[in-house]
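Me: I'd like to learn how to read a few features off a model. Could you walk me through this one?

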Amino acid sequence: MRDVVVKHCFTTLHVKALDPIVAALDANLGAALVLDASLRVTAVTPSARRLVGDVKLGTLAAKALCGGRLDRPVAEALAH
């Protein structure tokens, strides 16, 4: 298991504590990124990792999904 600490806007959690929640999200939603208030990735379901590859926790969602592309529809959607 991972022993990474995630600093959320209100609290600090060990990633291990999120594993059951991430598993439930994966079972019910499939591919999902969990974002904090600043749109940074705080959790990634296994299905999402299969779709987008390894996403480091703390990465901005727009960067994780759009990379350096000029056409960034996901980033534009998150901005609104």
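Reply: Sure, burial comes first: buried means under 20% relative accessible area, exposed over 50%, and partly exposed in between (1.4 Å probe, protein chains only). In this protein chain, buried residues make up 25% of the 80 residues. This is a predicted model, where local features need pLDDT of at least 70, side-chain atom pairs count only at pLDDT 80 or more, and totals for chains, interfaces and linings use all residues. Residues are numbered from 1 along each chain as its sequence is written, and side-chain values use heavy atoms, leaving out hydrogens and water.

Me: In what order do the elements of the protein chain run from the N terminus on?

Reply: Helices (H or I, at least four residues) and strands (E, at least two) are DSSP runs, numbered from the N terminus. Here the order is β-β-α-β-β-α-α-α, which comes to four helices and four strands.

Me: What share of the contacts with a separation of 6 or more is between residues 24 or more positions apart?

Reply: A contact means heavy atoms within 4.5 Å. For the protein chain, that share is 15%.

Me: Where does Leu-39 lie, and is Leu-39 buried or partly exposed?

Reply: Look in the loop between β3 (33–35) and β4 (41–44). Leu-39 has a relative accessible area of 31%, so it counts as partly exposed. Its phi is near 65°, a positive value in a residue other than glycine.

Me: And where is the place of Val-52?

Reply: Val-52 belongs to helix α2 (residues 46–52). With a relative accessible area of 39%, Val-52 is partly exposed.
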